[in-house]
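Trainee: Could you take me through the packing around one helix in the middle of the chain, slowly and in detail, and then follow the connections outward to the rest of the fold?

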Amino acid sequence: VVFLQKLRNDRNLEIKYLRNLIDSLNICLIALRNPCMGRLTSCLVKNLEKGKLVMRTESFSSRHVLQALPKLPVPNLKDTLDRYLSCMKHLLTEEQFNKTQNIVTQFGAPGGVGELLQSKLTERSENMANWVYDYWLNDMYLNNRLALPVNSSPAMVFPQQNFKAPIDSLRFAAHLISGVLEYKTHLDDRNLPADYARGQLAGTRLCMEQYYRLFTSYRLPGPERDTLVAQESSVMPEPEHIIVACKNQFFVLDVMINFRQLNQRDLLTQLEKIVKMADNEEEQLPPIGLLTSDGRTEWAESRSVLMRESTNRDSLDMIERCLCLVCLDDASGPELSDTTRAMLMLHGGGLTKNGGNRWYDKPMQFIVGADGCCGVVCEHSAFEGIVLVQCTEYLLKCMIGSPSKLVRAASVSELPAPRRLRWKCTPEIHKLITSAADKLQRMVKNLDMSVHKFHDYGKEFIKKQKMSPDAYIQVALQLGFYRCQGRPVSTYESASLRRFQQGRVDNIRSATPEAFAFVKAMTEGKNSTSVEKMELLKGAITAQTSYTRLAITGMAIDNHLLGLRELAHEMKMGKLEMFKDEAYLISNQFILSTSQVPTTVEMFCCYGPVVPNGYGACYNPQSDHIIFSVSSFHDSQQTCSAEFVKCLVQGLRDIRDLCNKCNADCAATEERKGQTQEPKKEVRLLLANRP
């Protein structure tokens with residue numbers, strides 16, 4: 001009735017009223033069938049009179065903003081092919097490059113297959129909000145059959161907490177959950193402040209879609225390809241809940257009881273109950289969570305076995321629909337260095353520690369260790385690192401800025417006990433758990449992690465050189481790697497595409513020819529002067545900055561080539577020579593996978609390498625220091641994280657020394673000029689005053 005009146009009285013209504021009318025009619029139908037009809041109807045009318053949605057759908061304003069963002073452009077085919085050859089020439093032998101050049105020329109010839117695919121890609125871009133989104137998501141994540149821990153899921157490591165008693169860790173968890181619920185409210189109300197680009201092309205409004213997948217998505221394993229499930233908002237959603245993992249057991253913690261959100265005191269009470277329930281050895285069940293750490297195909301098969309039992313189906317459903325996980329971990333050991341904490345976040349320490357106290361398919365898993373080892377592990381297919389950073393910074397600032405609110409409000413006097421999730425485990429399931437545990441343990445032993453805080457200088461020194469801190473660090477990474485292995489390699493640096501509708505990322509190819517020239521001068525150019533090296537450094541910084549600008553404006557090569565390749569597959573062209581070529585395979589073997597993840601609070605990000613013989617290198621530039629998280633695998637004879645860090649540190653110092661020397665030489669030259677010019681001025685004055 002409310003909306004019909006609005007429709008009658010106002011002919012200039014926005015579409016949202018029509019959508020709300022349909023929603024409200026659906027809500028009314030459910031209200032009529034509900035025993036609490038009176039309460040629901042009064043709540044409904046109250047919200048509708050305010051023009052507010054009861055369901056969790058996109059508001060008109062957020063849809064309007066999304067449509068206002070430009071679509072991701074399709075780069076020019078010739079530009080991409082030329083850049084591809086330029087990026088690869090110094091990474092290939094002369095014979096490899098000549099072969100690749102011929103293949104690329106044939107692919108891009110007038111009237112050839114490249115032009116046909118380009119026209120189809122342009123057509124696709126006209127009919128979709130983002131032409132590469134599905135291709136990229138499948139290629140980067142959903143088609144990947146590797147296990148999520150280490151291989152895919154990154155972690156944010158919080159500052160080490162000082163818990164003096166067991167209750168302190170539960171207070172921390174209760175405070176954290178309270179912050180999550182507050183943040184979730186902002187998301188539901190669609191009032192999260194819009195993000196704007198920083199750095200290059202600063203001030204551009206960014207797509208906010210990824211934020212709304214933080215607590216509403218789930219990665220469902222499949223035999224050949226996973227599915228990113230976005231929980232569609234039902235008209236009347238069930239009360240929201242989180243899953244608490246404790247001692248490899250899973251418990252349902254309802255955060256809404258009798259239409260009221262639990263306060264921190266209530267949350268603490270519920271967490272205390274969960275810990276007591278988990279300590280009951282008679283009711284402990286096998287560590288089912290270990291199955292989610294397995295390869296994706298193996299986990300899909302195990303899940304099918306679990307689904308045969310209705311009890312298991314119900315438990316899986318509760319986990320898959322939860323807001324997030326909170327993992328209450330046992331103490332992991334005496335040594336809690338940054339490196340140790342990073343590894344524990346990534347894999348939990350395996351079966352002997354907290355490896356089974358996880359459910360890796362869920363986007364957000366908050367870890368609260370009894371020993372103060374805390375952080376968050378994220379399933380990365382739903383959103384990028386910056387979204388994770390923004391959310392966790394909000395939570396940490398909220399917790400630091402406000403004391404734990406443990407005052408009992410006039411609320412639920414007797415809270416119902418949390419529910420333990422039950423599992424029916426056949427001998428087949430026990431065998432699958434044992435297999436997953438063995439593989440996780442091998443992964444734990446194989447991960448070679450080194451977290452290093454470089455204190456010699458930070459981004460302020462780099463800015464004084466009138467250089468981009470990110471470009472500077474990327475060149476330093478190239479120098480460090482070359483010192484380790486004596487060769488340049490294909491390098492990945494993520495570049496955000498959130499300037500566009502549904503934008504995710506493309507690749508900044510940091511192994512530029514200019515960076516290679518500088519690296520060779522620094523390592524092999526004994527006859528090169530400081531001035532020459534400085535010119536090469538500036539050239540490398542400029543090239544890196546230019547490619548970054550190309551990437552963030554949608555003009556990089558990787559997504560474009562991916563789109564062409566996938567279209568050829570859809571059109572049943574077979575595998576084209578362009579994408580079978582050895583150079584293309586080398587170009588996508590990212591031996592060095594890097595990412596800048598800056599924070600404004602004390603924490604850092606880490607992740608594993610993306611290839612068996614590669615490095616993962618995440619960095620967090622601060623004013624006076626830089627945090628590096630470097631990972632590799634022990635079973636690779638070509639890598640060693642500690643050695644890479646050593647070479648990286650030496651490279652950062654060498655570049656600083658080069659900058660300081662050139663600055664000092666410039667200052668000395670200017671001073672000499674000033675000294676030689678001053679007498680000339682006096683002579684001119686004397687001559688002018690001469691009779």
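Mentor: In this predicted model, the buried residues of helix H12 pack against strand S2 (217-220), strand S4 (241-246), strand S5 (249-254), helix H11 (296-306), strand S11 (419-420) and helix H15 (427-446). Helix H12 itself covers residues 310-320, and its buried residues are Asn312, Ser315, Leu316, Met318, Ile319 and Glu320. When you look at how these positions are spaced, keep in mind that an α-helix has 3.6 residues a turn, so residues three or four places apart point the same way.

Two of these partners, S4 and S5, are joined by a loop that contains Lys247. This lysine has a positive phi, near 55 degrees, although it is a residue other than glycine, and with a relative accessibility of 27% it counts as partly exposed, because that value lies between the limits of 20% for buried and 50% for exposed. Cys246 has a spatial relation to Lys276: the two are 30 residues apart in sequence, while their C-alpha atoms lie 9.9 Å from each other. Lys276 belongs to helix H10 (residues 264-279) and is exposed, with a relative accessible area of 67%.

Strand S2, another partner of H12, can be followed back to the loop that lies between helix H9 (166-188) and S2, where Arg190 is placed. Arg190 also has a positive phi, about 55 degrees, without being a glycine, and its charged end sits over the ring of Tyr212, at 3.7 Å from the ring centre. A further arrangement of this kind is found where the charged end of Arg124 sits over the ring of Tyr135, 3.9 Å from the centre of that ring.

Ser152 is placed in the loop between helix H8 (133-142) and strand S1 (155-157). The serine counts as buried, at 17% relative accessibility, and, leaving aside residues up to four places away in sequence, it touches Tyr141, Ala147, Arg219 and His380.

Moving on to the aromatic residues, a search of the whole structure finds 17 aromatic pairs. The rings of Phe107 and Phe579 have centres 5.9 Å apart and planes at 80 degrees, which is over 60 degrees, so this pair is edge-to-face. It links distant parts of the chain, with Phe107 in helix H6 (residues 94-107) and Phe579 in helix H21 (residues 577-580), 472 residues apart. Phe107 is buried at 4% relative accessibility, and Phe579 is buried at 2%. Tyr457 and Phe461 form a tilted pair, with 4.8 Å between centres and 55 degrees between planes; Tyr457 is buried at 5%, and Phe461 is buried at 17%. Ring pairs also link Phe250, Trp299, Trp359 and Trp423 into a cluster.

Helix H6 has a helical partner as well, for helix H5 (residues 77-88) packs with H6 at an angle of about 175 degrees, with the axes 11 Å apart. Since this angle is over 145 degrees, H5 is roughly antiparallel to H6. From H5 the contact is made by Leu77, Leu81, Tyr84 and Leu85, and from H6 by Phe97, Thr100, Gln101, Val104 and Phe107. These contact residues divide into 7 nonpolar, 2 polar and no charged. Phe107 therefore appears both in the contact of H5 with H6 and in the edge-to-face pair with Phe579.

Notes: Residues are numbered from 1 along each chain as its sequence is written. This is a predicted model: local features need pLDDT of at least 70, side-chain atom pairs count only at pLDDT 80 or more; totals for chains, interfaces and linings use all residues. Side-chain values use heavy atoms; hydrogens and water are left out. Rings of Phe, Tyr and Trp (its six-membered ring) pair if their centres lie within 6.5 Å; planes under 30 degrees apart count as stacked, over 60 as edge-to-face and the rest as tilted. Helices (H or I, at least four residues) and strands (E, at least two) are DSSP runs, numbered from the N terminus. Buried means under 20% relative accessible area, exposed over 50%, partly exposed in between (1.4 Å probe, protein chains only). A charge sits over a ring if NZ of Lys or CZ of Arg is within 6 Å of the ring centre and within 35 degrees of the ring normal. Contact means heavy atoms within 4.5 Å. Axes are lines fitted to C-alpha atoms, for helices over the stretch in contact, and angles run from 0 to 180 degrees between N-to-C directions. Angles under 35 degrees count as roughly parallel, over 145 as roughly antiparallel, 65 to 115 as roughly perpendicular and the rest as oblique. Ala, Val, Leu, Ile, Met, Phe, Trp, Tyr, Cys and Pro count as nonpolar, Asp, Glu, Lys and Arg as charged, and the others, Gly among them, as polar.
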